[in-house]
Amino acid sequence: MGFAKIRGKLTPRIGYPVNFGAPKDVARTSGKAVSGTIIDEVWADPDLNKSEPHTTCEASSECWGDYSFCAQLIKWDHGEASIRLAYYRRGCGEDYWEYASQTTVNADWMTFSLCPKHASTEKH
Ligand SMILES: [Zn+2]
């Protein structure tokens, strides 16, 4: 399954639908996909989203294009909310962005908040 191509600039994704298919083992036992909507987001580098595509690239065949990272707040149709970390990619020489985080981190905010808490108390 391909994702929609976002032509030109990488515009805000707020209001766009999100669908997560069930993991294969869950789907085998009649597990269903879940749907929701992006209701908020924050970008690591908003200027990158407005940048022009690579036309004449110095790195040529070694250029991996652009990667734009974000955190998105998703309101699920079943009523709960979660945060996913995601990125969108624009290939070198291409004029569109595409969602590229098919398997990504998705959890409630309390789970995310545990990571820095444990990192700061962990002994090395
Ligand atoms: Zn390039």
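## Helix H3 and the overall build

Let's start at helix H3, which is hardly covered: of its 13 residues, the number that count as buried is 0. H3 takes in residues 109-121, and its length checks out. At 1.5 Å a residue it should span 18 Å, and the end C-alpha atoms sit 19 Å apart, which agrees. Keep in mind throughout that this is a predicted model.

Stepping back, the protein has 3 helices and 7 strands. Read from the N terminus, the order goes β-β-α-β-α-β-β-β-β-α. The radius of gyration comes to 17 Å, well over the 14 Å that the globule rule gives for 124 residues, so the protein is more spread out than a compact globule. Along the principal axes, the C-alpha trace covers about 45 × 45 × 25 Å.

Burial is worth a look for the whole chain too: buried residues account for 10% of the 124 in the protein. As for how the chain meets itself, take the contacts between residues at least 6 apart in sequence; 52% of these join residues at least 24 apart.

## Strand by strand: S2 to S5

How do the strands line up? Strand S2 (residues 17-20) runs antiparallel to S3, and 4 bridges join the two. One pairing to find on screen is Val18, whose bridge partner in S3 is Gly36.

S3, covering 34-43, is in turn joined to S4 by 7 bridges, again antiparallel. Two places pin down the register here. Thr37 has Lys75 in S4 as its bridge partner, while Trp43 stands opposite Cys70, also in S4.

Next comes S4 with S5: 10 bridges hold these antiparallel strands together. Asp66 finds its bridge partner in S5 at Arg90. S4 and S5 make a hairpin with 4 residues between them, and Gly79 in the turn has a positive phi of about 110°.

## S6 and its two partners

S6 (96-99) follows S5 (81-90) after a loop, and the pair is antiparallel over 2 bridges. Tyr88 is the residue standing opposite Tyr99 of S6.

S6 also pairs with strand S1 (residues 5-7), in the antiparallel sense, through 3 bridges. Here Ile6 is set opposite Trp97 in S6.

## Gly93 in the S5-S6 turn

Gly93 lies in the loop linking S5 and S6. That hairpin has 5 residues between its strands, and Gly93 adopts a positive phi near 85° there.

Is Gly93 buried or exposed, or something in between? Gly93 has 13 other C-beta atoms within 10 Å, so it counts as partly exposed; the exposed class stops at 12 or fewer. Leaving aside residues up to four places away in sequence, Gly93 touches His54 and Cys57. Leu48 is another matter: it is 45 residues from Gly93 along the chain, and their C-alpha atoms are separated by 15 Å.

## Two exposed loop residues: Ser30 and Thr55

Ser30 belongs to the loop between helix H1 (24-28) and strand S3. Its phi is near 70°, a positive value in a residue other than glycine. Ser30 counts as exposed because it has 7 C-beta neighbours inside 10 Å.

Thr55 sits in the loop between helix H2 (46-50) and strand S4 (66-76). With 8 other C-beta atoms within 10 Å, Thr55 is exposed as well. How far is Thr55 from Ala71, 16 residues apart from it along the chain? Their C-alpha atoms are separated by 28 Å.

Terms used. Residues numbered from 1 in each chain as written. Predicted model: local features only at pLDDT ≥ 70, side-chain atom pairs only at ≥ 80, totals over all residues. Buried ≥ 20, exposed ≤ 12 C-beta atoms within 10 Å, placed from the backbone. Contact = placed C-beta atoms within 7 Å. Pairing = 2+ DSSP bridges. Rg over C-alpha atoms; globule rule 2.2 N^0.38 Å. Expected span 1.5 Å × (residues − 1).
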